[in-house]
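This report covers a strand with its partners, and then a pocket. Look at the sequence and the structure before reading on.

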Amino acid sequence: MSQPGITTWLPPNDIADRFRNDGETIKLASTDYGHIVQEIPAKVFHPTSINDTASLIKFAYNNSSVPITIAARGRGHSVRGQAMARNGVVVNMTSLENRINGSGISVSTSPSLGYYADAGGEQLWIDVLHATLEHGLAPVSWTDYLYLTVGGTLSNAGISGQTFRFGPQISNVHELDVITGKGDLVTCSTKENSELYYAVLGGLGQFGIITRARIALEPAPKRVKWLRMLYNDFSAFSRDQEHLISTNGRKQSNAFDYLEGLLLLDQGPPEVSFFPVPDHSRIISLVTKHSIIYCLEAAIYYDDHTQNKVDEELQVLLKGLSFLPGFVFEKNVSYVDFLNRVGSEEQILRSKGLWDIPHPWLNLFVPKSRILDFDSGVFKDIFLKQNIPSGLVIVYPMNRDKWDDNMSVIIPEEDVFYVVSLLRSSGFNNWEAFDRQNGEILQFCDNVGIKVKMYLPHYETQESWINHFGSKWVSFRERKAQFDPKMILAPGQRIFNK
Ligand code: FAD
């Protein structure tokens, strides 16, 4: 099924049977979790080995008659077509899932690295979790949702409540195998082919397809004390968050292992399922009274050896915090249940038909110095004055020194910055209204000089991309010229391809 007016090309013989263009396959590759963008590829490629993918890229690189673009598709959890390739080839990474001895994830140790996992770029983090737990080990840095691929999150950053302490997922990768835009399979790390390593991490798929990542592991905890504390004052909430993330050594005791935050807004019944049922009504009254309640979420891990001390440690951590008296709640859950908490919500949303719907999301990094202005201008003004449900709003700070500035990812200049995630769902007919509000939020930041950076970025023009990358644009462009000179890869990001 090729597009009218588009020159077609014949696939090379050795990989010809890996291509599909039946309606169902093309439809899947033309959509993503956002359900906002639709780009129809010419073909979908189902590799059975890394060599297949290398052959595909080599073919595109050497083909002078027709430009061929190629997009790796992890699980298509992007929200703006980032894993699509209009008239090009979408590589269905999931067809590689079981390639290494039927597993795709192996666990090893070395004197210099300690414990690590080698995971295929197509592997899901949930599978990395289960495979490493079999050895009593686990990665330290996660995303909130685990049904994302290793290659997909490492192309962005991979952030969650562990980031303040352990850095994003890209800060926890020792080594990568990457197929560049020339079709070369290259191993890279900080010591070997470092330019490619830094380019690819947070590189939005522009420089190569990640086929293996060597991920740092630590002994896995067994259980988690999971807390939520409520505030009616944003200054107190953010001050406590910033105080708690200032204790952030990787091996430090008396520190939280995870810290996030979220808003409870008076825009219809707030989501209170975390809290004990007898407390629901007083929490809902609190939200109605103040219009916005800020919820600090933190967790501390423990196991059989630390079980006796964990409550004592918690008391020390909570001392001096300014949450509303009587509004601290605790759950005690297994480590797997804690990490996989969004997976459980997914099942509920799917059962209600609320998963495969538009997601006009906006994710921003906001400098700490302007977070109070963001609260008053966005949460208290734009959100509360307009009748558009804000959805799940996540707000938490992280430390810049846990990120590596050599990597492609873009974050604010300040030592501490917040992620603000507006994780909204809409109907198929009204996502534009949500998107207009996203535009208004960006405009507000621009007007008052809040220098936000978009996470999981999406822009329409190259000028906006140049602005996004700022002083890193020149090196980003040079790296593109070096590793993908024909601009074959990840066209759906629309950085170099219109
Ligand atoms: P895709 O969407 O398929 O691809 C993303 C981009 O990476 C595309 O440009 C694609 O071409 C490229 N790509 C894919 N695989 C590779 C590869 N192997 N090598 C090179 N490039 C590749 N993110 C967070 O950081 N933290 C969160 O807590 C978080 N929570 C989320 C919760 C939900 C419910 C959803 C839907 C997303 C969440 N995300 C989160 C965003 C997620 O990180 C992105 O969607 C990301 O794109 C990963 O999704 P994916 O693996 O399906 O990749």
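Two strands count as paired if DSSP finds at least two bridges between them. The model discussed here is predicted.

## Strand 14 and its partners

Strand 12, residues 223-231, is joined to strand 14 by nine bridges, and the two run antiparallel. In this pairing, Arg228 is opposite Glu297 of strand 14.

Strand 14 also pairs with strand 13, residues 258-265, through eight bridges, again in the antiparallel sense. Here Gly261 stands opposite Leu296 of strand 14.

## Burial of strand 14

A residue is called buried when its relative accessible area is under 20%. In strand 14, which spans residues 292-302, 11 of the 11 residues are buried, so the strand is largely enclosed by the rest of the structure.

The side chains of the strand divide into two sets. Ile292, Tyr294, Leu296, Ala298, Ile300 and Tyr302 point one way, while Ile293, Cys295, Glu297, Ala299 and Tyr301 point the other way. Residues of both sets are buried, Glu297 among them.

## The second largest pocket

The second largest pocket holds about 790 Å³ of space. It is lined by 29 residues, and the closest to its centre are Leu442, Met454, Tyr459, Ser464 and Asn467. Two or more lining residues come from each of strand 16 (362-367), helix 13 (431-448), strand 19 (453-455) and helix 14 (462-469).

Which element gives the most to this lining? Helix 13 does, with seven residues. Sorted by class, the lining of the second largest pocket has 11 nonpolar, 11 polar and seven charged residues.

How values were computed. Residues are numbered from 1 along each chain as its sequence is written. This is a predicted model: local features need pLDDT of at least 70, side-chain atom pairs count only at pLDDT 80 or more; totals for chains, interfaces and linings use all residues. Side-chain values use heavy atoms; hydrogens and water are left out. Buried means under 20% relative accessible area, exposed over 50%, partly exposed in between (1.4 Å probe, protein chains only). Helices (H or I, at least four residues) and strands (E, at least two) are DSSP runs, numbered from the N terminus. On a 1 Å grid over the protein atoms alone, a cavity is a set of points where a 1.4 Å probe fits but cannot get out, and a pocket is an open set with protein on both sides within 12 Å along at least five of seven lines; lining residues have an atom within 4 Å of a point. Grid points are joined across faces, edges and corners, and a volume is the space filled by probe spheres set on the points. Ala, Val, Leu, Ile, Met, Phe, Trp, Tyr, Cys and Pro count as nonpolar, Asp, Glu, Lys and Arg as charged, and the others, Gly among them, as polar.
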